[in-house]
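Here are some notes for a colleague who is opening this structure for the first time. They are set out as numbered points.

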Amino acid sequence: MDIKSRIESMISEAVYKLYGLDKIDVCVDAPENEDHGDYSTNVAFKIAKILDKIPFHIATELSHELFSENLKVEFEGKIYPIFVKIEPAAPGFINFTLSELFLFQNTLIINGCEDVYGSNDFGKGKTIVVEYSQPNTNKPQHVGHARNNFIGSSLSKILSHCGYKVIRTNYVGDIGIHICKSMLMYLKYGNGKEPDKKPDHFVGEFYAMYEEEREKNPEIEREAQELLRRWEAGDAEIRALWKKMNSWVYEGWKKTYADQKIEFDEWEYESEKVNVGKEIAMLALEKGLAEKDETGAIIARLERYNLPDKVLLRSDGTSIYSTKDLQLAKDCYEKYKFDKRLYVVDVRQAEYFRQLFKILALLGFEWADKLVHVAYGMVSLPEGKMSSRTGVVMNADDVFEKLVELEEYEIKNSIKMPRVVKETAQKVALAAFKYGMLKVDAAQDMIFNLDLVAKFEGNTGPYLLYTYARARSVLEKAGFELGRGKYQHVAAPKSVLMHPKERVLAGALVHFQENVLEACKDLAPSRIANYVFDVAQKFNSFYGDVPILDAKSESRKRHLLYLTYAVSVVLKRGLDLLGIEVVEKM
RNA sequence: GCACCCGUAGUUCAGAGGAUAGAACGCAGCGUUGCGGACGCUGAAGUCGGGGGUUCGAGUCCCUCCGGGUGCACCA
């Protein structure tokens with residue numbers, strides 16, 4: 001159990017013992033101000049009213065009780081207290097200060113369990129399906145997809161670090177009027193040409209061409225509709241073209257996903273769901289949730305729930321996207337019996353998902369409340385909103401390529417071998433890309449500034465990788481044997497006297513576990529990002545003030561190396577949860 | 001028109017109802033004959049959009065106004 005949870009249960013017990021109060025919502029958090037200790041609680045405020053006492057008095061009594069019941073840590077056969085101080089602070093907080101010995105021991109624990117540090121069993125035995133990416137096969141992926149991909153894959157990692165069984169799934173929009181638009185233009189102007197560039201970009205150009213032409217000639221919309229009709233009728237020629245163009249797009253995405261290190265356990269295709277969901281529409285009709293209107297369309301009435309009505313079946317009886325989504329959810333539940341299903345989809349679809357979830361709930365599916373829309377905000381560029389009109393469209397491949405270029409320029413002086421430069425630049429670029437997007441709270445709209453995220457200074461991916469590489473370099477110089485469990489048996493220092501910066505750094509490492517858990521509960525990769533940056537800053541500050549290799553004594557040096565190694569472990573693990581790979585040198 | 005989201009330093013963003021609102025970039029300075037100076041340190045910079053309310057306590061919750069964005073049935 002992590003230390004925060006231990007403090008919480010310790011407080012609950014003390015509150016019960018002193019005041020006989022049960023079921024008090026105990027809240028423990030990490031204060032920003034170091035003077036307030038490593039953890040603090042406001043529980044005295046919460047119970048002050050019930051007890052009709054002054055918060056500070058309660059805090060005083062409680063901290064006394066808590067300190068006498070001080071948690072113990074066993075070390076080398078001896079028992080030490082975990083806290084050096086548990087004291088009240090006006091107007092009624094209780095602040096907990098960890099002992100340096102505990103912090104020292106914690107760094108040793110990290111040394112001994114690097115891979116699993118920060119993991120927990122919160123989701124043990126539970127299955128969670130994460131649907132993300134969901135691109136359409138008419139064009140390359142843009143930076144918005146990149147944000148989606150990064151959030152989805154990071155969440156998957158965080159959830160599985162918290163014990164969940166995670167199924168990553170991609171639902172591809174491989175058919176629909178938008179696909180027919182690029183097909184139409186290829187038929188008109190393609191002349192049977194094969195891709196002469198990254199094939200998804202090649203297809204995307206025909207789609208862009210369509211948008212241009214439609215401005216001049218709105219008639220072509222009807223032609224696109226006609227193509228869709230032919231596709232649905234199974235027209236061999238259209239099907240063959242569709243297959244060919246989609247395969248180009250998949251080929252292009254293969255590289256996009258490989259560059260971004262994005263993976264899925266399962267792919268679903270919209271084209272395979274043609275006309276599924278009719279049953280569901282009929283069920284809705286039966287349950288009186290939906291009605292047939294004068295044109296024959298089946299419409300779910302949601303006005304009572306403060307939502308717009310939703311068409312389930314067209315008047316011609318064919319199903320639309322939402323019907324397929326209803327069926328997909330049902331099939332998915334039957335297949336996995338998931339405890340939760342996440343839809344990582346941009347915030348513009350928020351109302352759509354409210355409709356979808358409401359319909360499923362009204363249909364009586366008890367699992368409807370397990371569906372969650374993870375809404376992420378829109379990405380725009382410093383130049384303004386992305387749009388094909390203004391030409392400030394940035395596709396994900398171009399952004400990545402540009403980032404690689406920038407990073408290559410940065411590192412080429414410190415690395416000699418050209419091939420290593422290229423490899424490293426790609427990793428640094430991806431770190432810049434992912435971190436730049438994930439550090440912002442997912443729900444917020446964001447402005448993605450390519451030049452800023454690529455920098456080696458500031459709150460960036462490269463800064464974090466640099467910090468990691470720096471730590472590793474010290475360890476290497478010291479001949480510190482890297483690897484799990486190498487330094488588990490160390491003599492306990494009689495007393496540990498830490499440099500203030502060292503104390504702060506060691507304290508920060510303790511918080512990793514609760515940050516992982518909170519990131520999992522809140523579905524918020526940004527929490528990990530902020531935490532990792534905090535650790536990196538504290539390490540660099542420590543590094544500036546405390547000589548490691550020239551420490552006063554051998555044992556002192558060893559302690560500092562444990563700490564440095566622990567930092568590298570936490571950075572590596574934290575970044576991994578964001579889907580970012582570290583580099584040893586850069 | 002209705003609904004949802006967002007207004008925090010010049011800029012990009014953190015802030016789980018708590019303590020003196022933080023960081024990064026940019027700006028002005030400073031630092032090792034020391035482990036990676038791609039770093040660190042110091043400083044200037046804020047009526048948390050305005051106004052009410054709830055609370056011991058509000059940037060955070062509620063109401064309202066202003067400003068910005070997004071979505072509203074046979075597209076996906």
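1. A definition comes before the rest. Angles under 35 degrees count as roughly parallel, over 145 as roughly antiparallel, 65 to 115 as roughly perpendicular, and the rest as oblique. The axes of helix 5 and helix 18 cross at roughly 120° and come within 9 Å. Helix 5 and helix 18 are therefore oblique to each other. The model is a predicted one.

2. The crossing of helix 5 and helix 18 is left-handed. On the helix 5 side the contact is made by I158, L159 and H161, which meet V516, A519 and C520 of helix 18. Sorted by class, this contact holds five nonpolar residues, one polar residue and no charged residues.

3. Chain A is assigned three stretches: domain 1 (3-98), domain 2 (127-380) and domain 3 (396-577). Between the C-alpha centres of domain 2 and domain 3 there are 38 Å. Their contact draws 29 residues from domain 2 and 25 residues from domain 3.

4. Which elements give two or more residues to the side of domain 2 that touches domain 3? They are helix 5 (143-161), helix 9 (236-260), strand 14 (371-376) and strand 15 (379-380). Helix 5 provides the largest share of that side, with 12 residues. By class, the side of domain 2 that touches domain 3 has 15 nonpolar, nine polar and five charged residues.

5. A second helix pair to look at is helix 13 (396-411) with helix 14 (residues 418-438). Their axes lie 8 Å apart, at an angle of about 120°. That angle makes helix 13 oblique to helix 14. Helix 13 passes helix 14 in a right-handed crossing.

6. From helix 13, the residues V399, F400, L403, V404, E407, E408 and I411 take part in the contact with helix 14. They meet V421, T424, A425, Q426, V428, A429, A432 and F433 of helix 14. The contact is made up of 11 nonpolar, two polar and two charged residues.

7. RNA strand B is surrounded by 70 residues, and the closest are F45, V311, R314, G458 and S473. By class, the surface near the strand has 30 nonpolar, 23 polar and 17 charged residues.

8. Several elements each supply at least two residues of the surface near RNA strand B. Among them are strand 6 (93-98), helix 11 (321-336), helix 12 (350-362), helix 16 (461-477) and helix 19 (525-545). Helix 13 and helix 18, met above in the helix pairs, are also in this group.

Notes. Residues numbered from 1 in each chain as written. Chains lettered and ligands numbered in written order. Predicted model: local features only at pLDDT ≥ 70, side-chain atom pairs only at ≥ 80, totals over all residues. Near = placed C-beta within 6 Å. Helix = DSSP H or I, 4+ residues; strand = E, 2+ residues; numbered from the N terminus. Nonpolar A, V, L, I, M, F, W, Y, C, P; charged D, E, K, R; others polar. Axes fitted to C-alpha atoms, helices over the stretch in contact; angles between N-to-C directions. Left-handed = near helix turned anticlockwise from the far one by under 90°. Contact = placed C-beta atoms within 7 Å. Domains from an automatic or database assignment.
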